[in-house]
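Biologist: Hi! Could you walk me through this model before I head back to the bench?

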Amino acid sequence: MFLFGQILAEEVESEMKEAAVISMGTEVSDHDMLNIKSLCDQVISLSEYRGQLFDYLRSRMNAIAPNLTVMVGELVGARLIAHAGSLINLAKHPASTVQILGAEKVKNSFQHFGIHDLPFLMTMTHLDKW
């Protein structure tokens, strides 16, 4: 039997026990529990892998573009380099173009979600027509 007091705060555990008393749930079969545990293991594995990827990105960005990393961070810096095509291409762009690269990212995000008709987006005249 699993004791929730090992991982939950005392007040959360008591609230959970109170909710369980009035719950209309059913028993979880052994097969379902195996699937749940397997899914939890996969989530933990993916989370650890994501951490490893971020550590790799951090080390590469600090080695390749330390100034850019300090100014905008690892993730944004990597996205800017990818959007420009290379670090050399990004270095050739004037600062105003780099600003537009970031604005295009925002614009494309709004387009992706289908909310490009918002009034404040219509005022973004410095960007290309959609």
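Modeller: Happy to. Keep in mind that this is a predicted model. A good place to start is the largest nonpolar core, which has seven residues: Met-61, Ala-65, Leu-68, Leu-80, Ile-81, Ala-84 and Leu-90.

Biologist: Which helix gives the most to this core?

Modeller: That would be α4, spanning residues 74-84, which gives three residues.

Biologist: And what does Ile-81 touch, leaving out residues up to four places away in sequence?

Modeller: Ile-81 touches Met-61, Ala-65 and Leu-68, and also Ser-86, Leu-87 and Leu-90.

Biologist: Back to the helix, then. Which residues of α4 are buried?

Modeller: Glu-74, Gly-77, Leu-80, Ile-81 and Ala-84 are the buried ones in α4.

Biologist: Why are they on the same side of α4?

Modeller: Because they cover an arc of only 130° around the axis, they end up on the same side of α4.

Biologist: Nice. What follows α4?

Modeller: Gly-85 does, and its phi is positive, near 105°.

Biologist: Let's zoom out. How many helices and strands does the protein have?

Modeller: Seven helices and zero strands, so to speak α-α-α-α-α-α-α when you read along the sequence.

Biologist: How much of the protein counts as buried?

Modeller: Of its 130 residues, 15% count as buried. The accessible surface comes to about 10800 Å², with 61% of that belonging to carbon and sulfur atoms.

Biologist: Last one: what share of the contacts join residues at least 24 apart?

Modeller: Taking contacts between residues at least 6 apart in sequence, 7% join residues at least 24 apart.

Notes:
Residues numbered from 1 in each chain as written. Predicted model: local features only at pLDDT ≥ 70, side-chain atom pairs only at ≥ 80, totals over all residues. Heavy atoms only, no water. Helix = DSSP H or I, 4+ residues; strand = E, 2+ residues; numbered from the N terminus. Buried < 20%, exposed > 50% of the residue type's maximum accessible area, 1.4 Å probe, protein only. Contact = heavy atoms within 4.5 Å. Areas by Shrake-Rupley, 256 points an atom, 1.4 Å probe, with all protein chains shown as cover. Core = buried A, V, L, I, M, F, W, Y, C linked by side-chain atoms within 4.5 Å. Arc of directions from axis to C-beta.
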